[in-house]
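Good morning, colleagues. Please take a moment to look at the sequence and the structure on the screen before I begin.

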Amino acid sequence: MNEFYKRTGLYAAFFSPSDEIRGSIDRVVRKHLGRAPRRVIDPACGPGLWLAHFAKKGAEVAGTDLEESAIALAVESLPKRGARVVVGDMRRPPDELGADFDCAINLDNSLGHLADYMDVAEHFSSMRRRLTKRGIYIVGLALREATDEIDTGVVFERGPVDIQGGGFAALRTESLGLQPGTRCERIRQITITANVPETPSVIAEQYDLLTFTFAMFKDIMEAAGGFEVLGCYDATDESLPAKPFRKGAGDVVLVLRAAEAKTKASKNAKPKTTARKTANRKAATRKATRRK
Ligand SMILES: C[S@@+](CC[C@H](N)C(=O)[O-])C[C@H]1O[C@@H](n2cnc3c(N)ncnc32)[C@H](O)[C@@H]1O
């Protein structure tokens, strides 16, 4: 697992959502849900930064993350009542988080951390069962085609910022481009810290993120039991302007809603084996995205 995510205090300092993106997400939720959400789930919640946003507005919130230290910070910072966060895997968020969520949120291409496209299909299938009939899933990812140029170099830089508990730190994230064969984007990230207790002065690491083409994404949605795309927004601009949902759309925030189940069988948990295989096979031969 990514070493940076274990340093939850650093993560929170760099990625606390700005007022602008909070306002934009609230607007998108209102537009597609018609009201503020009542029950919100983040299936890769980290320290619960987005859950805290919705909890403050009175929603019940739930989340899971593989990283124990992130969940510990989420438990500490979220209200004791109306919030449930546990260590778990977004492929299949733990049952104890409950269901009937009218909103799910999963930004910044966290899905890219999954090992393969079958995992992504399992994730969406799982989320489908946790949402209410009219519930929405707000998910950030990047849609890129094989012919798209991917700029390599710095994609995110922040700091120095003060770290809660002492010290300060700066972060730089670079893209090393798509890796031939896997179609994953390789990310190189370096965090430099000074006087942050129990933290190395340099955390340097490299990891690969899954990427998605438009066709691959559609295959995965189908394998997961069906989602319709209600909205598509430009993730590179915190004001989240609407943009067309199409090939090469780039870094996007999509608003999804579970499509009506067509058959009794498709209501059942797992995506069909053949559809899952197709999603994985097609995915392996296509290319896509970059992380925001
Ligand atoms: C970019 S962070 C996003 C955190 C949070 N959703 C937010 O917006 O602040 C990605 C998170 O995904 C988590 N993660 C990676 N793979 C996971 C998995 N299979 N299941 C659950 N969480 C996972 C990491 O530990 C990390 O906290």
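I shall start with the chain as a whole, then turn to its aromatic pairs, and end with one residue in a strand.

Please keep in mind that this is a predicted model. The secondary structure of the protein chain consists of nine helices and eleven strands. Of its 292 residues, 52% are buried. The area that the chain exposes is about 13600 Å², and carbon and sulfur atoms supply 48% of that area. As for contacts with a separation of 6 or more, 67% of them are between residues 24 or more positions apart.

Let me now turn to the aromatic rings. How many aromatic pairs does a search of the whole structure find? The search finds 14. I have chosen two of these for discussion.

The rings of Y117 and F212 have centres 5.8 Å apart and planes at 85°. An angle over 60 degrees counts as edge-to-face, so this pair falls in that class. Y117 belongs to helix α6, residues 117-130, while F212 sits in the loop between β9 (202-209) and α7 (214-223); the pair therefore ties together parts that are 95 residues apart in sequence. Are these two residues buried or exposed? Both Y117 and F212 are buried.

The second pair is formed by F214 and F245, with 4.8 Å from centre to centre and 55° between the planes, and it is classed as tilted. This pair, too, links distant parts of the chain: F214 is in helix α7, and F245 is in the loop between β10 (227-234) and β11 (250-258), 31 residues apart. Burial differs between the partners, because the limit for a buried residue is under 20% relative accessible area. F214, at 12%, is therefore buried, whereas F245, at 25%, is partly exposed.

Two further aromatic features deserve mention. F4, Y5, Y11, F14, F15 and F156 together form one aromatic cluster. In addition, R39 lies over the face of F101, at 4.4 Å from the ring centre.

Finally, I should like to consider T64, which is found in strand β2, residues 60-65. What is the relative accessible area of T64? The value is 0%, so T64 is buried. Leaving aside residues up to four places away in sequence, T64 touches D42, P43, A44 and C45, then I71, then V86, V87, G88 and D89, and also P93, P94 and L97.

That concludes my presentation, and I thank you for your attention.

How values were computed: Residues are numbered from 1 along each chain as its sequence is written. This is a predicted model: local features need pLDDT of at least 70, side-chain atom pairs count only at pLDDT 80 or more; totals for chains, interfaces and linings use all residues. Side-chain values use heavy atoms; hydrogens and water are left out. Rings of Phe, Tyr and Trp (its six-membered ring) pair if their centres lie within 6.5 Å; planes under 30 degrees apart count as stacked, over 60 as edge-to-face and the rest as tilted. Helices (H or I, at least four residues) and strands (E, at least two) are DSSP runs, numbered from the N terminus. Buried means under 20% relative accessible area, exposed over 50%, partly exposed in between (1.4 Å probe, protein chains only). A charge sits over a ring if NZ of Lys or CZ of Arg is within 6 Å of the ring centre and within 35 degrees of the ring normal. Contact means heavy atoms within 4.5 Å. Accessible areas come from the Shrake-Rupley method with a 1.4 Å probe; for residues, only the protein chains shown count as cover.
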